[in-house]
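User: Hi! Could you walk me through this one while I have it open on my screen?
Analyst: Happy to, let's have a look together.

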Amino acid sequence: MTKPILEVKDLAKYFGGVKALDGVTLEVPERGVIGLIGPNGSGKTTLFNVVTGFYVPTRGEVWYAGERIDGLNPNEVFLKGLVRTFQIPRLFPSLTVLENVLLTPPRQVGERVLTAPFRSKWEEQEKELARKAVALLRKFGLGEYVRARVSELSAAHMKMIETIRGLITDARVYLLDEPAAGVAYTTARELFTFIRRLRDEEGLTFFIIEHRLEVLMDFVDYVYVLHNGRLLSEGKPDEVMSDPKVIEAYIGR
Amino acid sequence: MLPSFDAFGFLVSWGTFLGIYAILAVSLNLEVGLTGMANFGKVAFYGIGAYLAASLSVYAVLAVYHVAAAPYTTEGIIALGKYGGASPALDLGIFAASLVLGFIIAGCVGYLLTYPTLRVGPAFLGITLLAFGELLRIFLLNYQPLGASKGLSGIPHPFLWIPDPVLRERLYVLVVLGFLAVTLWFAERITNSPFGRVLKAVRDDEVAALCMGKHVPRVKATVLFIGSGMAGVAGVLLAFYMSSVNPNMFVPAVTFNIWAMVILGGMGNNKGAVVGAAIITFVDRILTFITPNLGITIITPDYVRWMIVGILIVLVLMFMPGGLVPEKPIKTPAWEAVESLEKESKEGGSGGDEA
Amino acid sequence: MVNMDAYQVLTAVHIALIYAVLAVPLTLSYKTTKIINFVHINFITYGAYAAVLLYTFLGIDNVFVAIAAAFVIGGAMSVIDNVTVFEPLSRRGANVVILMIASMGLWIFYKYLMYSVLDVLSRVAKANLVSVLLRFETLPRVVVNGMPITSAFLTAAITAAVLALMLYFILEKTAVGKAIRAIADNPTLAEISGIPRGRVVNVMWFMAGGMAAVGGVLWAIFAIATPEVGDTLILQVFAIAVIGGLTSLSRTALGAFIIAFAENLGMAFLNQVFGVPTSFKPFITFSTLLIVIIAFPPLGAGGGLPYRFLRKRR
């Protein structure tokens, strides 16, 4: 494995008396496709929420590319190059596909209220971003949907656009929350093929929560298993799948 | 039955109210239509502007002419009547200063009020702002230096030095409509810009916008600053037009009236807000011309008017949620770039998509 | 020294009881439907006027008859609103803000409907109906330790106690009440487990509207009935419901006492010590509201965000 780009050290998050996370240590290597699995309520989404700045951890640290990021606000974490997606895609329904992608680049000149009324100041940047966005959408076969409203898209396309809108910002690490949930088996496989392609072509890192192990295990390099807020097991997909502790955690419930 | 009807006079008075209310409606549309912030305290910022203009002008006039009487006393009001219009430079200067200060002060109050409400949802923001508006009114009702329940009167009209009152009114309506034009231009420009895109994103899903790196609190505070500032300007324009202000001009029903304009016109569309304001102020003006000629009625016409507005809002929300002028997609130069790209790929014959 | 006599405390308790009767149903309805209901203002006014009109036209001066009538009127208004406006709107996917505006529209409509009706009725009755002092003496005055306890106080105390017991019994012991709580906790789950949402929500609306209207009667026999009575009370009622986080009924009732005591005893204190005029009473209410929102943000209930922009990092 290469050097870790994302490190989580002894991370804990308590809600009152509930220990959603209780001392989790793990690392995500650069250009890795890493899985995070575990039964319902094991703390997977809480882990994502702490890493992306939704919650302040009760204890522990999060390091990203040599910088400590726990305690930052979600928008600051995003600007560092860490993008998360949601279990249910959260695109902006009243915007078109192009606008959804154009929204994400940070520090746009036209986003400042005083420059926004003066078109000439940001026109060039806007056109440049639009060309970049169209190129990205075309590259992944979504060129025809530029003008579509997000609500007209299929679930799989929504999930792809959620990922693509991070690409335009040069984000390095993606945290995907159940990308294959509610998607047909073949589409799910396409989605994971797309993720591998992004890793190979763009050098991105993926950290993925997934319940559909039959899809996930064929595509990831390494898997962490959470159970009751603690790390239960880790290893290569086949090692984890044959770990008796993991089998017990899944069947024991 | 109608007495001789001065059509041009009617247009001038309608135009003035239309201008003032359309500025309010456009500013509310920026807040609620584009950003999704339920401002139920709109009237507070309108009132701040009006009271700022009123107090600044009456105290300034009295100070310049060394009148010791307070502006809310009889001597004060007589003195104001005597000295108002005596100096064009003073009247216009006060008017300009009020507009600038009205924008800044109302804007700052709006900006400050976002902070306590950052961590709560739209419902709580609405309640807090509503409560703030009522509080301001109660304060004004009881604060003697601002005239308490009687308010302030004798605010010098900026064109009081022009002897012909008709010409004065006509000049003023041009000023008001000029401010409306600037407001609308600004609102349209920021709507159709990357900033407008951020606003709509915040409205659609503020959590997702936050995760896409947008500083949602700053965006909201900015919008509330601009929206409140615009409302402040509308208040200043109202104060100079009416030449007097009192706390009962700023009851919560005024906020509701502005909401009605935005909903009727179409939430999320600035031009729609102007259309909504035009319709409702038109009906109001017609009613003020007709009502005195109806004699004694069984039910006060004003009550009927409010009942209709109330039920109209519910009906529009239920059966025409987009309003008269529905929201349009954002227009930025991005689409020009997309079009030229599409043309290129068509001419190149590659068919566009690689995959 | 400040002189806080027993009479002032008793008045504060009296107001607190009425506030609780007014605010608890607001919390209940918000918690179940996520609608900030401005028609709550009308429930209060219509309740107060149920008593006024019964007295003016039928000569009924029994407060409990008025309370029963108010409960039915408030409850019916509430259910009608839900069936004709709120249900269809939420079925169409209207968000919180839209529902809130719709309720605002209804509020204005009901308010001026009341004014119009009073225009006609005061002509018929040849009486002033716009500001009415009602002093029902259905319950006797009691004197405890030389302290006179008014009939209005006794009525408020008994009514509040009965309503609290009724609410407790319905929410905790009956199937409908359990269904209401299930919908409040997790609407999706409740839907899946086959709870007939429409009917259950209507029962809740009936109780909420009825209780608020009863509060209106209690206020009318304590203070004065005007067509603005709901409007003048709404700031306090909202503040109290926010203290309850719009989720907890018992915290709301506690909020009623906090606001009533802060307003009355706190005001008396400020007045005597600093000479603050009593007309500044609403400022205390608003400050309490702001402090609660800043210090104990009602996360979740109000759809708040996990912002920490005001907090020091780490």
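User: Which strands does helix 1 of chain A lie across?
Analyst: Helix 1 (residues 44-51) of chain A lies across strand 1, strand 2 and strand 4 (59-64) of that chain. Its direction is at about 70° to strand 2 of chain A. Keep in mind that this is a predicted model.

User: Sure. What's the strand order in that chain A sheet?
Analyst: The order is 2-1-4-5, in an open sheet of four strands with antiparallel pairing. Strand 2 (18-29) and strand 5 (67-68) of chain A each have a single partner strand, so they stand at the edges with one side lacking a neighbour in the sheet.

User: And how many bridges join strand 1 and strand 2 of chain A?
Analyst: Nine bridges, with strand 1 (residues 4-15) and strand 2 of chain A paired in the antiparallel sense. In strand 2, A:K19 is the bridge partner of A:Y14.

User: Nice. Switching to chain C, what is it built from?
Analyst: Chain C has 11 helices and two strands. Going from the N terminus, the elements run α-α-α-α-β-β-α-α-α-α-α-α-α. Its C-alpha atoms fill a box of roughly 55 × 55 × 35 Å along the principal axes.

User: How does its radius of gyration compare with a compact globule?
Analyst: It agrees: chain C has 20 Å, and a compact globule with 314 residues would be near 20 Å.

User: How many residues of chain C touch chain B?
Analyst: 44 residues of chain C are in contact with 43 residues of chain B. On the chain C side, helix 3 (63-91), helix 4, helix 9 (229-243) and helix 11 (281-295) each supply at least two residues. Helix 4 gives the most, with 17 residues. By class, that side of chain C has 37 nonpolar, six polar and one charged residues.

User: What does helix 4 of chain C pack against in chain B?
Analyst: Helix 5 (residues 122-142) of chain B packs with helix 4 (residues 96-125) of chain C at an angle of about 40°, with the axes 9 Å apart. The two helices are therefore oblique to each other. B:P122, B:A123 and B:G126 make the contact from chain B, and C:V96, C:V97 and C:M100 from chain C. That gives five nonpolar, one polar and no charged residues.

User: Last thing: where is the pLDDT of chain B below 50?
Analyst: Over residues 350-355 of chain B, a stretch that has 12 contacts in the model beyond near neighbours in sequence. Where pLDDT is low, the predicted coordinates shouldn't be read in detail. For chain B, the mean pLDDT is 88, and 95% of its residues reach 70 or more.

Methods:
Residues are numbered from 1 along each chain as its sequence is written. Chains are lettered from A and ligands numbered from 1 in the order in which they are written. This is a predicted model: local features need pLDDT of at least 70, side-chain atom pairs count only at pLDDT 80 or more; totals for chains, interfaces and linings use all residues. Axes are lines fitted to C-alpha atoms, for helices over the stretch in contact, and angles run from 0 to 180 degrees between N-to-C directions. Angles under 35 degrees count as roughly parallel, over 145 as roughly antiparallel, 65 to 115 as roughly perpendicular and the rest as oblique. Two residues are in contact if their C-beta atoms, placed from the backbone, lie within 7 Å. Ala, Val, Leu, Ile, Met, Phe, Trp, Tyr, Cys and Pro count as nonpolar, Asp, Glu, Lys and Arg as charged, and the others, Gly among them, as polar. pLDDT is the predictor's confidence in each residue, from 0 to 100. Two strands pair if DSSP finds at least two bridges between them. The radius of gyration is taken over C-alpha atoms; the globule rule is 2.2 Å times the number of residues to the power 0.38.
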